[in-house]
Amino acid sequence: MFPGFIDAHCNRGMDRPNEAYPITPFVSVADSLDGSAFDFEDALRDGVLTLNVIHGNVQPIAGRGMVVKPIGRIVENMAVVYDAALKMSFIPRPFASHVSQFAEIRRAFDELRIIWIG
C-alpha cells in the first residue's frame, strides 16, 4: 500500500450542504453524505485516502463533521470517525459583518450557559 493525502477540511460528497440556518450543532454530515458521489472517486484519483467532511463556511456554528475513507458506497462502511468535529466559522454570512457573526456565536453560547448553569 502507498501513502495518501488527507483532506483535512472539505465538503466533498455531501448532497445537502447545511447553510440555511446559522446555528445547527445538531446536524451531522452523516445525514447528508452520498456514498455514490463522484467526489469520492475524484478524491481517490487525486491521491486523497482520508477526508474530514464538514459543513459550510458561512454558518457561525455549522454542524458535526465526519472523517471518511473515499472507498465504498455505504456511509457506514466509509466512516472512520463520526462526529469528528464541530464546525465554527468566523467568516461573515452574505450581507453581514464580522460583528454580526460574533454576535450569533456569543448568543448561542449565552443560551447554552443559561441551560447548563441555570
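**Buried polar residues, the nonpolar core and the loops of a predicted model**

The side chain of Gln59 comes within reach of the backbone oxygen of Tyr21, at 2.4 Å. The structure described here is a predicted model, and this polar contact serves as the entry point to its description. Gln59 is found in the loop that runs between strand S2 and strand S3 (61-64). Although Gln59 is placed in a loop, the relative accessible area of Gln59 is 0%. Gln59 therefore counts as buried, since a value under 20% places a residue in that class.

The overall architecture may be considered next. The protein chain contains 3 helices and 6 strands. Read from the N terminus, these elements follow the order β-α-β-β-β-α-β-β-α. Along the principal axes, the C-alpha atoms of the protein chain fill a box of roughly 50 × 30 × 25 Å. The protein chain has 118 residues, of which 36% count as buried. Its accessible surface amounts to about 7,300 Å², and carbon and sulfur atoms account for 63% of that surface. With respect to charge, the protein chain carries 11 positive and 14 negative side chains. The centres of these two sets of side chains lie 4 Å apart. Contacts that link distant parts of the sequence were also examined. Among contacts between residues at least 6 apart in sequence, 61% join residues that are at least 24 apart.

The interior of the model was examined through its nonpolar residues. The largest nonpolar core consists of 14 residues. The residues with the most contacts inside this core are Val29, Leu33, Phe40, Leu51, Val53, Met66 and Val68. Two or more core residues are given by each of helix H1 (38-45), strand S2, strand S4 (66-68) and helix H2 (75-78). The largest share, 3 residues, comes from S2. Val53, named among the core residues with the most contacts, illustrates the surroundings of such a position. When neighbours within four places in sequence are left aside, Val53 is in contact with Cys10, Asn11, Arg12, Met14, Val29, Leu33, Gly65, Met66 and Val68. Of these partners, Val29, Leu33, Met66 and Val68 are also listed among the core residues with the most contacts.

Strand S2, which spans residues 48-53, also holds the polar residue Asn52. Asn52 has a relative accessibility of 16% and so counts as buried. Not counting residues up to four places away in sequence, Asn52 touches Asp7, Ala8, His9, Cys10, Met66, Val67 and Ala84. Ala8 also takes part in a polar contact with this residue: the backbone oxygen of Ala8 lies 3.0 Å from a polar atom of the Asn52 side chain. Cys10 and Met66 are partners of Asn52 and of Val53. A further comparison relates sequence to space, for Asn52 and Ser36 are 16 residues apart in sequence, and their C-alpha atoms are 17 Å apart.

Towards the C terminus, attention turns to helix H3, which comprises residues 98-117 and includes Phe109. The relative accessibility of Phe109 is 38%, and the residue is accordingly classed as partly exposed. Leaving aside neighbours within four places in sequence, Phe109 is in contact with Ile61 and Met88.

Two loop residues were noted for their backbone geometry. Most residues other than glycine have a negative phi. Asp83, which is not a glycine, nevertheless has a positive phi of about 50°. Asp83 is placed in the loop between strand S5 (79-81) and strand S6 (86-88). With a relative accessible area of 40%, Asp83 is partly exposed. Phe95 is likewise not a glycine and has a positive phi, of about 65°. The loop that holds Phe95 lies between S6 and H3. Phe95 has a relative accessible area of 89% and is classed as exposed.

How values were computed
Residues numbered from 1 in each chain as written. Predicted model: local features only at pLDDT ≥ 70, side-chain atom pairs only at ≥ 80, totals over all residues. Heavy atoms only, no water. Helix = DSSP H or I, 4+ residues; strand = E, 2+ residues; numbered from the N terminus. Buried < 20%, exposed > 50% of the residue type's maximum accessible area, 1.4 Å probe, protein only. Contact = heavy atoms within 4.5 Å. Polar contact = N/O pair within 3.5 Å; in protein donor to acceptor, adjacent residues only side chain to side chain. Areas by Shrake-Rupley, 256 points an atom, 1.4 Å probe, with all protein chains shown as cover. Lys, Arg positive; Asp, Glu negative; His and termini not counted. Charge placed at Lys NZ, Arg CZ, Asp CG, Glu CD. Core = buried A, V, L, I, M, F, W, Y, C linked by side-chain atoms within 4.5 Å.
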